[in-house]
Amino acid sequence: MEVCYQLPVLPLDRPVPKHVLSRRGAISFSSSSSLFGAPDPRQLAQVKPSSLCRRGAISYDSSDQTALYIRMLDVRVRSQVGFQPDRRGSHPYLGIDFRTLHAHAESTGSIPARRIRRLFSFQRHLLSSRFLRGAPHLNPLHILDEDYCGQAKCMLEKVGSWNFDIFLFDRLTNGNSLVTLTLYLLSHYGLIELFQLDMVKVHRFLVLVQEDYHNHNPYHNAVHAADVTQAMHCYLKEPKLAKSLTSCDILLGLLAAATHDLDHPGVNQPFLIKTNHYLAVLYRNTSVLENHHWRSAVGLLRETELLSHLPAEDRLTMERQLGSLILATDISRQNEYLSKFRTHLDQEDLCLGNASHRHFILQMALKCADICNPCRPWELSKQWSEKVTEEFFHQGDIEKKHKLEVSPLCDSENNSIADVQIGFMTYVVEPLFAEWARFSDTRLSQTMLGHLCLNKASWNAMQPEASGSSEEPESEPEPSSRALPQGSLQS
């Protein structure tokens with residue numbers, strides 16, 4: 001069954017087809033001046049955020065007066081849609097359905113995980129309904145469900161611990177770790193009361209954010225977003241930040257962490273560029289994924305009207321600052337941000353009383369949170385390393401299948417998990433966290449550097465096993481003896 005790879009361009013003076021309106025969508029706008037201004041009502045009269053049942057995104061571009069359905073994962077079968085996609089400039093028709101890119105086939109005899117989650121959700125609903133009616137429990141299974149909720153609450157009491165196990169928390173919350181964690185942190189910081197946020201809108205926004213992450217992705221999924229949000233909380237508690245950041249800074253930091261990989265397709269930017277994907281064309285091959293994450297997040301904020309009660313100027317400023325934070329996670333701009341950070345530290349001119357300097361530190365904190373997995377305890381770090389490498393290798397397999405050039409680190413035949421992780425730690429993670437430790441020389445920073453050193457040594461120890469080397473053990477170098485700051489010179 002052939003799947004449309006490139007979605008249609010829809011003139012704005014025509015009604016939006018039912019197959020678009022029937023899908024969930026965020027309204028996101030181009031990088032033109034209309035991005036944060038209200039579009040012409042005539043142009044978007046047929047597209048109302050409230051009428052869309054969130055499953056995609058519509059991007060408005062004033063330069064060509066078109067509405068582009070840009071949900072990259074929600075492709076349609078050609079026979080159902082009834083149109084011929086415009087293939088100008090696109091890669092020769094790749095029949096890739098990103099929705100199932102990383103999906104694993106389930107055995108016919110097993111119970112799907114989604115059905116199990118639904119069973120637990122129904123059980124919770126039944127339990128709460130009976131409790132409100134004052135009816136006695138008829139099923140002892142509620143004890144197990146209450147026990148899971150109790151354990152999740154106990155974990156939230158230690159949410160500021162660097163050893164926080166997000167995988168366990170996700171299981172205890174029935175796959176709702178991002179919603180539960182972010183909602184708790186918003187309440188913990190008093191942001192709901194301070195900004196007078198509607199709890200119904202907050203919950204709806206977080207649920208839609210969680211749904212827009214694709215849990216078939218081994219790495220870029222809602223659990224990763226929850227992990228980054230928890231790490232961001234740890235950084236916000238650091239003394240320098242805690243005494244300097246405003247409530248608006250904290251709100252932006254948490255929202256950016258929760259949405260920084262929103263609607264990630266499970267492939268990287270080079271893949272989208274080499275296939276001339278319409279998102280790469282739309283964002284001119286510049287921070288393609290990060291721009292899409294930001295536009296999707298803004299679309300959700302507007303759809304749920306989470307910030308609609310704030311003055312328009314404040315609301316638009318927050319949307320711009322949210323975008324600035326998310327765009328900072330573009331790994332291709334790592335050296336640019338790192339050099340700027342290092343220069344500030346060398347010149348000792350960072351002043352957190354300055355709003356622009358606080359925003360820059362928030363950007364660096366989010367960058368650290370995004371790639372902090374190698375700095376976690378080994379039991380957690382190893383799981384993340386396996387997941388991200390699985391996603392890389394799966395992309396490489398797809399590139400081989402379609403006779404594309406295999407992206408770096410995506411070739412499972414020439415790379416091992418240990419190789420990928422050691423290189424990533426040496427050239428990306430170590431330089432960044434060494435500078436962060438210069439800025440915030442605290443127990444947390446030293447703990448992260450300690451885990452990083454131990455984890456790198458562990459991956460180094462696995463290399464001979466992975467390569468089947470027959471070298472004598474005494475000839476191996478001692479990885480733990482390497483001085484960590486040396487890695488910062490290799491950026």
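A pocket is an open set of grid points with protein on both sides within 12 Å along at least five of seven lines. This structure is a predicted model. Its second largest pocket holds about 990 Å³ of space. Of the 38 residues lining that pocket, the closest to its centre are His-220, Asn-268, Ile-331, Phe-392 and Phe-424. The protein chain has 20 helices and 4 strands.

**Second largest pocket**

- Four elements give two or more residues each to the lining: α12 (269-274), α14 (288-304), α18 (378-401) and α19 (417-439).
- The biggest share comes from α19, which gives 7 residues.
- By class, the lining has 17 nonpolar, 15 polar and 6 charged residues.

**Whole chain**

- The protein chain has 491 residues, and 53% of them count as buried.
- Take the contacts between residues at least 6 apart in sequence: 76% of these join residues at least 24 apart.
- The exposed surface of the protein chain comes to about 23100 Å². Carbon and sulfur atoms supply 54% of that area.

**Helix α18 and the loop that follows**

- Helix α18 has 24 residues. From first C-alpha to last it reaches 34 Å, close to the 34 Å expected at 1.5 Å a residue.
- Buried residues in α18 include Leu-380, Trp-384, Val-388, Phe-393 and Ile-398.
- Polar and charged side chains are also on the buried list for α18, among them Ser-381, Ser-385, Thr-389, Glu-391, Gln-395 and Glu-399.
- Gly-396 of α18 is buried too.
- Just after α18, Lys-403 takes a positive phi of about 60°.
- Leu-409 lies in the loop between α18 and α19. Its phi is positive, about 70°, although Leu-409 is not a glycine.
- Leu-409 counts as partly exposed because its relative accessibility is 39%, between the 20% and 50% cut-offs.

**Helix α19: Ile-422**

- Ile-422 sits in helix α19.
- Ile-422 counts as buried because its relative accessibility is 11%, under the 20% cut-off.
- Leaving out residues up to four places away in sequence, Ile-422 touches Lys-456, Trp-459, Asn-460 and Gln-463.
- Ser-458 is 36 residues from Ile-422 in sequence. In space the two are 9.7 Å apart, C-alpha to C-alpha.

**Helix α6**

- Helix α6 covers residues 177-188, 12 residues in total.
- The reach of α6 from first C-alpha to last is 16 Å, close to the 16 Å expected at 1.5 Å a residue.
- In α6 the buried residues are Ser-177, Leu-178, Val-179, Leu-181, Thr-182, Leu-185 and Leu-186.
- Gly-190 comes just after α6 and takes a positive phi of about 70°.

**Loop between α16 and α17**

- Glu-348 is found in the loop between α16 (334-347) and α17 (355-370).
- Glu-348 is not a glycine, yet its phi is positive, about 50°.
- Glu-348 counts as exposed because its relative accessibility is 71%, over the 50% cut-off.

Conventions
Residues numbered from 1 in each chain as written. Predicted model: local features only at pLDDT ≥ 70, side-chain atom pairs only at ≥ 80, totals over all residues. Heavy atoms only, no water. 1 Å grid on protein atoms, 1.4 Å probe; cavity = no way out; pocket = protein on both sides within 12 Å on 5 of 7 lines; lining within 4 Å. Points joined across faces, edges and corners; volume = space filled by probe spheres on them. Buried < 20%, exposed > 50% of the residue type's maximum accessible area, 1.4 Å probe, protein only. Contact = heavy atoms within 4.5 Å. Areas by Shrake-Rupley, 256 points an atom, 1.4 Å probe, with all protein chains shown as cover. Expected span 1.5 Å × (residues − 1).
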